[in-house]
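Let's take a walk through the empty spaces of this protein and the helices around them. Have the structure open as you read.

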Amino acid sequence: MSDIIEEKEIQFRSGSIRLSGSLNRHQHRSPGPLCLLLSGSGPQDRDQTVCGIPTFKALAEALTDAGYAVFRWDDRGVGESDGDYLESNGQQLVDDAIAALDHLCKVCSFEAIHLIGHSQGTLVAPQVALKRPDLVKSLVLLAGMALPGRNTLLEQHAAVLRADNWPVDVIDASVAQKARVFDVLEGVPDTSLTPVETARLRAALTQALLDEMPVSALNQQQQAELNDSLDDLLEWEWRLLLKQDPARQLARISTPVLALFGDEDLQVNAIKHATALAEALPAGLPQSIQTLRGFNHLFQQSEGSPPLDYSQDGPAFPEAACRPIIDWLNRHS
């Protein structure tokens with residue numbers, strides 16, 4: 001990062017929770033335009049570090065070098081932020097983003113504000129834009145869902161298994177099992193559950209995973225693996241993603257949209273979601289939907305590493321991935 005760029009710690013409140021993040025900006029320029037980065041799923045630090053790759057730090061530095069102020073923050077319960085991400089819900093993701101936006105507008109007068117969401121963050125960005133249409137100049141959606149959550153997650157599961165060379169019949173059986181699990185989860189809200197509700201859900205998920213096989217038929221290692229799977233499935237983000245129908249939100253957007261996909265992305269199929277996004281956005285809305293060749297879900301240039309093992313694919317957001325974002329921001333600032 002250039003020595004004329006400063007990184008300032010910013011704290012703000014979302015309800016009763018204190019959150020903390022970093023504002024990057026040029027020291028000797030007017031406030032200029034601001035980019036707010038909205039992270040993907042899971043408890044993320046402000047750099048959205050995945051497999052040791054600080055994806056948002058790389059993106060923030062590229063945008064700041066291009067003249068933009070950039071704000072990113074630690075999720076609840078991560079880094080310098082208070083709270084507990086695992087006890088959060090989808091509405092609180094939106095509330096936190098709005099709180100960050102409102103706070104920054106109070107402390108500084110920016111020329112324009114852009115929301116840049118990655119993965120799950122692309123579900124948050126349109127909701128913020130709909131609540132603050134007077135503030136948000138444009139949306140940048142990176143590897144974003146445009147199809148219903150259930151479709152996306154089942155396709156993602158199958159794509160990973162295909163990339164790992166699983167036999168077709170085994171893939172089909174695994175996808176069918178995942179569908180049974182989703183049938184259980186779809187009727188449960190993405191809010192915190194009581195101990196009784198958690199126990200009932202755990203029992204129903206166990207039945208869906210084992211398909212009538214008794215737990216006692218599993219050996220010790222298999223039971224440990226089952227418990228790990230159940231712990232994962234009980235997290236609220238599965239229930240959040242399953243109830244998503246992004247097209248309904250996107251159809252209401254009046255803010256210009258740039259959407260970028262990677263053709264090597266195993267989590268969000270570029271062809272299917274780019275097509276669905278184009279169909280969902282209102283006619284006449286300024287938009288640009290692009291698929292970058294050779295890039296994966298984290299916008300790394302993929303080298304054919306094992307499925308979802310991003311540690312082998314180099315830095316995120318190299319110049320070829322940042323250039324269309326910067327060009328878009330320059331046109332809409």
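Keep in mind that this is a predicted model. We'll start with a lining that has no charged residues: around the second largest cavity there are 9 nonpolar and 4 polar residues, and no charged ones. This cavity has a volume of about 90 Å³. Its lining has 13 residues, and the closest to its centre are Thr-122, Leu-123, Met-145, Pro-246 and Leu-250. Helix H3, helix H9 and strand E9 (257–262) are the elements that give two or more residues to that lining.

Now for the largest cavity, with about 210 Å³ of space. It is lined by 19 residues, and Leu-38, Ser-39, Trp-73, Asp-75 and Leu-93 lie nearest its centre. Here the lining is made up of 8 nonpolar, 6 polar and 5 charged residues. Strand E3 (34–38), H2 and H3 each supply at least two of the lining residues, and H2 gives the most, with 4. In total, the structure holds 3 cavities of 30 Å³ or more.

H2 and H3 are worth a look as a pair. The axes of H2 (residues 90–107) and H3 (residues 121–131) come within 9 Å and cross at roughly 55°, which means H2 is oblique to H3. The crossing is right-handed. On the H2 side, the contact is made by Leu-93, Val-94, Ala-97, Ile-98 and Leu-101, while H3 brings Val-124, Gln-127, Val-128 and Lys-131. Sorted by class, those contact residues come out as 7 nonpolar, 1 polar and 1 charged. Leu-93 is one to pick out, as a residue of this contact that also lies among those nearest the centre of the largest cavity.

Next, the pockets. The second largest pocket holds about 310 Å³ of space. It is lined by 16 residues, with Gln-127, Leu-240, Lys-243, Gln-244 and Gln-249 closest to its centre. H2, H3 and H9 (246–250) each give two or more residues to this lining, and H2 gives the most, with 4. The mix is 5 nonpolar, 6 polar and 5 charged.

Which residues lie nearest the centre of the largest pocket? They are Ser-41, Leu-153, Gln-156, Leu-241 and Gln-267, out of 30 that line it. About 770 Å³ of space lies in this pocket. Helices H4 (149–163), H5 (168–185) and H8 (236–242) are the elements that give two or more residues to the lining, and H4 gives the most, with 5. By class, this lining has 13 nonpolar, 13 polar and 4 charged residues.

How values were computed: Residues are numbered from 1 along each chain as its sequence is written. This is a predicted model: local features need pLDDT of at least 70, side-chain atom pairs count only at pLDDT 80 or more; totals for chains, interfaces and linings use all residues. Side-chain values use heavy atoms; hydrogens and water are left out. Axes are lines fitted to C-alpha atoms, for helices over the stretch in contact, and angles run from 0 to 180 degrees between N-to-C directions. Angles under 35 degrees count as roughly parallel, over 145 as roughly antiparallel, 65 to 115 as roughly perpendicular and the rest as oblique. A crossing is left-handed if the near helix is turned anticlockwise from the far one by less than a right angle, and right-handed if clockwise. Contact means heavy atoms within 4.5 Å. Ala, Val, Leu, Ile, Met, Phe, Trp, Tyr, Cys and Pro count as nonpolar, Asp, Glu, Lys and Arg as charged, and the others, Gly among them, as polar. On a 1 Å grid over the protein atoms alone, a cavity is a set of points where a 1.4 Å probe fits but cannot get out, and a pocket is an open set with protein on both sides within 12 Å along at least five of seven lines; lining residues have an atom within 4 Å of a point. Grid points are joined across faces, edges and corners, and a volume is the space filled by probe spheres set on the points.
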